[in-house]
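Reader: I have a few "how do you know" questions about this one. Could you take me through the reasoning rather than just the labels?

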Number of protein chains: 2
Amino acid sequence: MAKAQFDKDNILDKTIMLFWQQGYHGTSMQDVTTTTGLKPGSLYNSFGNKEQLFIASLNRYSQRSADKMKRAMVHGAGEGIIMLLTDMVAAKGQKDYASCFIIKTQLELASTEPKLAQLAASYLSRTKAQYKLAIASEYGEALSEVYATSVMMAIFGIRVYGYQQAKEADMLESLRLSLHWLPWKKH
Amino acid sequence: MAKAQFDKDNILDKTIMLFWQQGYHGTSMQDVTTTTGLKPGSLYNSFGNKEQLFIASLNRYSQRSADKMKRAMVHGAGEGIIMLLTDMVAAKGQKDYASCFIIKTQLELASTEPKLAQLAASYLSRTKAQYKLAIASEYGEALSEVYATSVMMAIFGIRVYGYQQAKEADMLESLRLSLHWLPWKKH
DNA sequence: TATCTTTTTGAGTGTTTGTTCAAAATTGCT
DNA sequence: AGCAATTTTGAACAAACACTCAAAAAGATA
């Protein structure tokens with residue numbers, strides 16, 4: 001029996017970039033074949049169809065996203081959150097800034113592809129639950145719900161505001177003001 | 001010479017709903033003809049093409065959005081902002097909640113239709129400038145930039161978080177915490 | 001009512017879409 | 001080496017896409 005001549009994860013990394021930047025409806029399977037170099041037959045043979053390929057891409061992206069969060073949280077909830085938010089603000093400077101794949105999916109597909117939008121929603125919901133857990137251990141159970149909600153809304157704010165021509169310093173100052181309970185370094 | 005047998009603004013109100021909910025790439029011109037009842041020829045005769053129809057829709061939407069903001073601001077910057085934010089949180093309860101048309105456009109089209117994305121970006125930028133102006137008159141010039149940034153990020157947060165199954169009370173509590181400088185009513 | 005301009009009609013344009021398939025090539029197993 | 005299972009190939013499919021156009025209809029003006 002013949003083995004696949006390509007690495008699935010390597011292909012997924014490329015489709016992630018496509019779907020992330022252009023969206024689900026904005027990306028054609030021809031885009032995928034030309035970017036990956038795979039012929040249609042190979043593509044469909046190993047990934048099923050467009051929807052399944054999108055799911056696999058979103059899944060891999062969110063896995064990496066969750067890993068990054070976990071790595072940051074070893075510094076404690078407060079410090080970890082500050083690191084993550086600072087990273088997100090810095091990301092806006094990249095030339096091909098594309099917000100967050102999960103958030104974009106949630107917004108684009110809520111009405112036309114509810115199944116995929118719900119998947120994105122569940123990833124976001126899980127992320128919030130993890131923030132809440134980490135916050136609870138450091139700031140107490142009582143405040144954790146509101147604090148976690150604040151963090152999620154701040155993240156969404158950054159992810160959208162990133163497209164605007166705003167100074168990073170202004171965004172960080174605004175975050176410092178909004179999430180004043182975080183252990184920001186004095187300046 | 002014959003007169004058009006339909007009201008342009010009435011048609012635009014319908015295309016706004018389509019583009020707003022399904023996005024640019026997720027909406028076909030067939031969707032438009034079936035929803036509006038117009039035949040392709042009439043549609044193209046009075047609106048040009050898909051891109052121009054989208055621009056006209058986005059323009060009308062943002063005009064209404066700006067009007068709503070102006071109406072709220074007669075109560076003063078602080079009170080007005082609270083009213084607008086509270087409205088946005090309440091909107092999330094509607095069964096066909098669709099975030100904000102401008103924000104969705106910015107995210108969806110940044111890479112595939114930069115011209116349209118830039119239009120959305122400029123609307124958002126103008127909105128921020130108006131918030132900044134109103135805030136400056138009430139809180140002073142020095143704070144207005146950071147405060148306006150905070151308000152914009154809060155709006156973006158609400159617009160995305162609206163898809164999540166969160167309690168409105170939690171969101172409002174989070175806003176109250178983040179934008180603590182607004183004149184919230186005691187509770 | 002007759003004329004002139006504009007709008008509406010609805011079938012039709014070529015292109016792109018997601019997807020399939022039989023044949024050829026490739027690889028693991030005996 | 002030979003067989004069997006799997007993958008790759010590249011042309012092809014029907015459906016959906018954005019858009020057009022000649023002819024018919026409608027309305028304003030005279």
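**Pockets, cysteines and rings**

Author: Happy to. Keep in mind that this is a predicted model. By class, the lining of the largest pocket has 20 nonpolar, 8 polar and 9 charged residues.

Reader: How much space lies in that largest pocket, and which residues are the closest to its centre?

Author: About 850 Å³ of space lies in the largest pocket. It is lined by 37 residues, and A:Trp20, A:Tyr61, A:Ser65, A:Lys68 and A:Arg159 are the closest to its centre. Helices H1, H4, H5, H6, H7 and H8 of chain A each give two or more residues to this lining. H4(A) gives the most, with 10 residues.

Reader: And what about the second largest pocket, which residues line it closest to the centre?

Author: Those are B:Tyr61, B:Ser65, B:Lys68, B:Cys100 and B:Arg159, out of 33 lining residues. The space in this second largest pocket is about 740 Å³. Here H4(B) gives the most to the lining, with 8 residues. By class, the lining has 19 nonpolar, 7 polar and 7 charged residues.

Reader: B:Cys100 caught my eye. Why is A:Cys100 not in a disulfide with B:Cys100?

Author: A disulfide needs two cysteine sulfur atoms within 2.5 Å. The sulfur of A:Cys100 is 18 Å from the closest cysteine sulfur, the one in B:Cys100, so the two are too far apart for a bond. Over all chains, the count of disulfides comes to 0.

Reader: What makes A:Cys100 and B:Cys100 buried or exposed?

Author: Buried means under 20% relative accessible area. A:Cys100 has 7%, so A:Cys100 is buried. B:Cys100 has 8%, so B:Cys100 is buried too.

Reader: On to the aromatics. How many aromatic pairs are there, and why is the pair of A:Tyr61 and A:Phe101 called edge-to-face?

Author: The structure holds 22 aromatic pairs over all chains. For A:Tyr61 and A:Phe101, the ring centres are 5.4 Å apart and the planes meet at 85°. Rings pair if their centres lie within 6.5 Å, and planes over 60 degrees apart count as edge-to-face. With 5.4 Å and 85°, the pair therefore earns that name.

Reader: Why do you say this pair ties together parts of the chain?

Author: Because A:Tyr61 lies in helix H4 of chain A and A:Phe101 in helix H6 of chain A, the pair ties together parts that are 40 residues apart in sequence. With a relative accessible area of 9%, A:Tyr61 is buried, and A:Phe101 is buried as well, at 0%.

Reader: What makes B:Trp20 and B:Tyr61 an edge-to-face pair?

Author: The numbers are 4.9 Å centre to centre and 70° between the planes. Set against the cut-offs of 6.5 Å and 60 degrees, that makes B:Trp20 and B:Tyr61 an edge-to-face aromatic pair. The pair links distant parts of the chain, with B:Trp20 in helix H1 and B:Tyr61 in helix H4 of chain B, 41 residues apart. Both B:Trp20 and B:Tyr61 are buried.

Reader: Which residues do ring pairs link into a cluster?

Author: A:Phe19, A:Trp20, A:Tyr24, A:Phe54, A:Tyr61 and A:Phe101.

Reader: Last one: how do you know that A:Lys50 lies over the face of A:Tyr24?

Author: For a Lys, NZ has to be within 6 Å of the ring centre and within 35 degrees of the ring normal. A:Lys50 lies over the face of A:Tyr24 at 4.6 Å from the ring centre. In another such case, the charged end of A:Lys8 sits over the ring of A:Phe47, 5.2 Å from its centre.

Methods
Residues are numbered from 1 along each chain as its sequence is written. Chains are lettered from A and ligands numbered from 1 in the order in which they are written. This is a predicted model: local features need pLDDT of at least 70, side-chain atom pairs count only at pLDDT 80 or more; totals for chains, interfaces and linings use all residues. Side-chain values use heavy atoms; hydrogens and water are left out. On a 1 Å grid over the protein atoms alone, a cavity is a set of points where a 1.4 Å probe fits but cannot get out, and a pocket is an open set with protein on both sides within 12 Å along at least five of seven lines; lining residues have an atom within 4 Å of a point. Grid points are joined across faces, edges and corners, and a volume is the space filled by probe spheres set on the points. Helices (H or I, at least four residues) and strands (E, at least two) are DSSP runs, numbered from the N terminus. Ala, Val, Leu, Ile, Met, Phe, Trp, Tyr, Cys and Pro count as nonpolar, Asp, Glu, Lys and Arg as charged, and the others, Gly among them, as polar. Buried means under 20% relative accessible area, exposed over 50%, partly exposed in between (1.4 Å probe, protein chains only). Rings of Phe, Tyr and Trp (its six-membered ring) pair if their centres lie within 6.5 Å; planes under 30 degrees apart count as stacked, over 60 as edge-to-face and the rest as tilted.
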